[in-house]
Amino acid sequence: MNYQIIRAGESRSFPGDHPFVTAAAEFGEAVVIVGANAGAAFGKFKDRERRLAILVELGTECLGAHTGEERGLEGSNVLGFARFRLGAAPPSDLVELVRQPRTAHTAIDAARGLFEERGMKVALCGDFAGRILDRLLRPYYNAALRRLDEGLASAADLDTTLRLGLGYPEGPIELLERTGLAQHCDVTQSLFEAYGDAAYAPARRARVEKQRQELNRQGARHARKQIDGTADKCR
Amino acid sequence: MSNGIKTVGVAGSGTMGAGIAIVAARAGFRTVVYDTRDEVLARARKQTEGFFAKSVERGKLPQAAVAGVLANLSGSTDVGTMAACDIVIEAVFEDLKVKHELLSRLDKVCPPHTIFASNTSTLSIAEIAAGSGRDDRVVGMHFCLPAQLMKLVEMSPGLKTGDATFQVAWDFCKALGQTPVKTRDSPGFILNYFLIPFNNDAIRLVEAGVAAPADIDRALKTGLGYAMGPLELLDLVGLDTHLLVAEALYAATHEPRAAVPALVKRMIAAGHLGRKTGRGFYTYQGNAMFGGG
């Protein structure tokens, strides 16, 4: 199936010149809108009726924020999607494909085929904040950070237990260190705001790392201002 | 051998007890299994022989070694046989009263130096130790299922466990060829504390219509590299077993994520326990699974 790409800023799902983006046609039965501003670009895209499927890359927002909702009867040929990616790690092969209650099956099948033909795997889910993985993983990561603070076990023993006991490739602490505690803080904060569930409230260690990065940025800005000021005086 | 431990007792010959006995005998310890029922001991012995036969088939153990390992292993319905043990690992039903009755009897027959280890996954080591008659020589040693294949052992000292006792048990665990990790004496220790709420959360996604079981499992396997998704795992473990462990964890923590979702009770009522009844989150025919997509 031919597909057309509309770029709308840097994409977390397909960063840079990803082959999925470069292989796209000028015009396609399906339209894939990628980038941080995909929702806004979708709002401006008028040629919707002729397309089999229109796929809008999502961040932490719901698809309904772009399409609108209608008493549980919403749904058309428009789907949301995001390749699952933890913080600074590269995107995984998993595409979370977001449908609404009345999304057309032809659009779902077309979207699934589009990704699967290019080696990705698709998990279909409803239009809920956090989709599948963030919704499942963030409370687990928060609990691991909290229990580390409470002295349940050392970070190494927590990781070893969850690797050896459950066959996970990585323990939660080492995974968060690798992919970024501050990014975890951002995602879980957005879910906390969406659900009001304390399990999503960012754990202390995630907040501290977020604060540290912000303070570093402020410090760098302050230092730059001082350098610029000194340079001005020198002129 | 490890810190003077030569003879190991295993109290309880169910799945966990039999697995722990295999680990101890395979590591070269004289191992005595105690159970109140002859037929349970006989069944465990048969399963053990079957396990070693498979180990030989798979090249994990030389045939010549099997006779020696099995010679290390004996079973008895006489609690007096535990008198020869330097450490006794209890793997009986997860009920504090049952464990106290057992430990109290063991305390009468075992010499003072014998360490009592509990394979509990949910009860407090300090509470178990309180009914043992020797609360400074009780330690948590939670093996993972199946014990004979899984290397991990969660080790927890109770409030009164002596440092020397814990060290002897730790060294013994390493001498078994296992990988010990130290955890506080806290409900669910590490493994169940994280696993049970995580599995409950996955069930809640199904319950709330967020995604189908196959999509949830596929997401975790593809996105995180998990060997098995939580709903496949729950079908394997059995929803009735999950209910027991989750209710115990919830009773101890009152954490909302540990509370069993209503869907579990509905599925149990309908007989959808998982693989063992042919239907859980997926359906099964023999070894074939349906609904996995």
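**Figure 1. Helix α10(B) passes helix α11(B) in a left-handed crossing.** This close-up, like the others here, comes from a predicted model. Helix α10 covers residues 239–253 of chain B, and helix α11 covers residues 262–269 of chain B. Their axes come within 10 Å and cross at roughly 140°, so α10(B) and α11(B) are oblique to each other. On the α10(B) side, look for B:L239, B:D240, B:H242 and B:L243. They meet B:V264, B:M267 and B:I268 in α11(B). Sorted by class, the residues of this contact are five nonpolar, one polar and one charged.

**Figure 2. Helix α5 of chain A packs against α7(B).** Now the view takes in a helix from each chain. Helix α5(A) spans residues 133–149, and its axis is 10 Å from that of α7(B). The angle for this pair is about 160°, which makes α5(A) roughly antiparallel to α7(B). As for handedness, α5(A) passes α7(B) in a right-handed crossing. Chain A brings A:R135, A:L136, A:P139, A:Y140, A:A143 and A:A144 to the contact. From α7(B) come B:F194, B:F198, B:D201, B:A202 and B:L205. By class, that works out as nine nonpolar residues, two charged ones and no polar ones.

**Figure 3. The side of chain B that touches chain A.** Here 31 residues of chain B are in contact with 34 residues of chain A. Several elements of chain B each supply at least two residues to this side: strands β7 (152–157) and β8 (179–182), along with helices α7 (191–207) and α8 (213–224). Which of them gives the most? That would be α7(B), with seven residues. Taken by class, this side of chain B holds 16 nonpolar, seven polar and eight charged residues.

**Figure 4. B:G9 sits in strand β1 of chain B.** The strand runs over residues 7–11. Is B:G9 buried or exposed? It has 29 C-beta neighbours inside 10 Å, so B:G9 counts as buried. Leaving aside residues up to four places away in sequence, B:G9 touches B:V32, B:Y34, B:M82, B:C85, B:I87 and B:V88. Another residue to find in this view is B:F116, 107 residues from B:G9 in sequence. In space, B:G9 and B:F116 are 9.2 Å apart, C-alpha to C-alpha.

**Figure 5. A cis peptide bond joins B:L145 and B:P146.** Omega for this bond is about -10°. To find the spot, follow chain B into the loop between β6 (138–143) and β7, where B:P146 is found.

**Figure 6. Two residues with positive phi, A:R71 and B:F189.** Start with A:R71, a residue other than glycine whose phi is near 55°. The place of A:R71 is in the loop between α3 (64–67) and β4 (78–83) of chain A. With 6 C-beta neighbours inside 10 Å, A:R71 counts as exposed. Then turn to B:F189, also not a glycine, with a phi near 50°. B:F189 lies in the loop between β8 and α7 of chain B. Unlike the exposed A:R71, B:F189 is buried, with 25 other C-beta atoms within 10 Å.

**Figure 7. Chain B, with its eleven helices and ten strands.** After the close-ups of its parts, here is the chain itself. The radius of gyration of chain B is 20 Å, close to the 19 Å that the globule rule gives for 293 residues, so chain B is as compact as a globular protein of that length. Along the principal axes, its C-alpha atoms fill a box of roughly 60 × 45 × 35 Å. How much of chain B is buried? Buried residues make up 48% of the 293. Take the contacts in chain B between residues at least 6 apart in sequence: 66% of them join residues at least 24 apart.

**Figure 8. Chain A, with its nine helices and six strands.** The C-alpha atoms of chain A fill a box of roughly 65 × 55 × 35 Å along the principal axes. Of its 235 residues, 41% count as buried. For contacts in chain A with a separation of 6 or more, residues 24 or more positions apart account for 61%.

Methods:
Residues numbered from 1 in each chain as written. Chains lettered and ligands numbered in written order. Predicted model: local features only at pLDDT ≥ 70, side-chain atom pairs only at ≥ 80, totals over all residues. Axes fitted to C-alpha atoms, helices over the stretch in contact; angles between N-to-C directions. Helix = DSSP H or I, 4+ residues; strand = E, 2+ residues; numbered from the N terminus. Parallel < 35°, antiparallel > 145°, perpendicular 65-115°, else oblique. Left-handed = near helix turned anticlockwise from the far one by under 90°. Contact = placed C-beta atoms within 7 Å. Nonpolar A, V, L, I, M, F, W, Y, C, P; charged D, E, K, R; others polar. Rg over C-alpha atoms; globule rule 2.2 N^0.38 Å. Buried ≥ 20, exposed ≤ 12 C-beta atoms within 10 Å, placed from the backbone.
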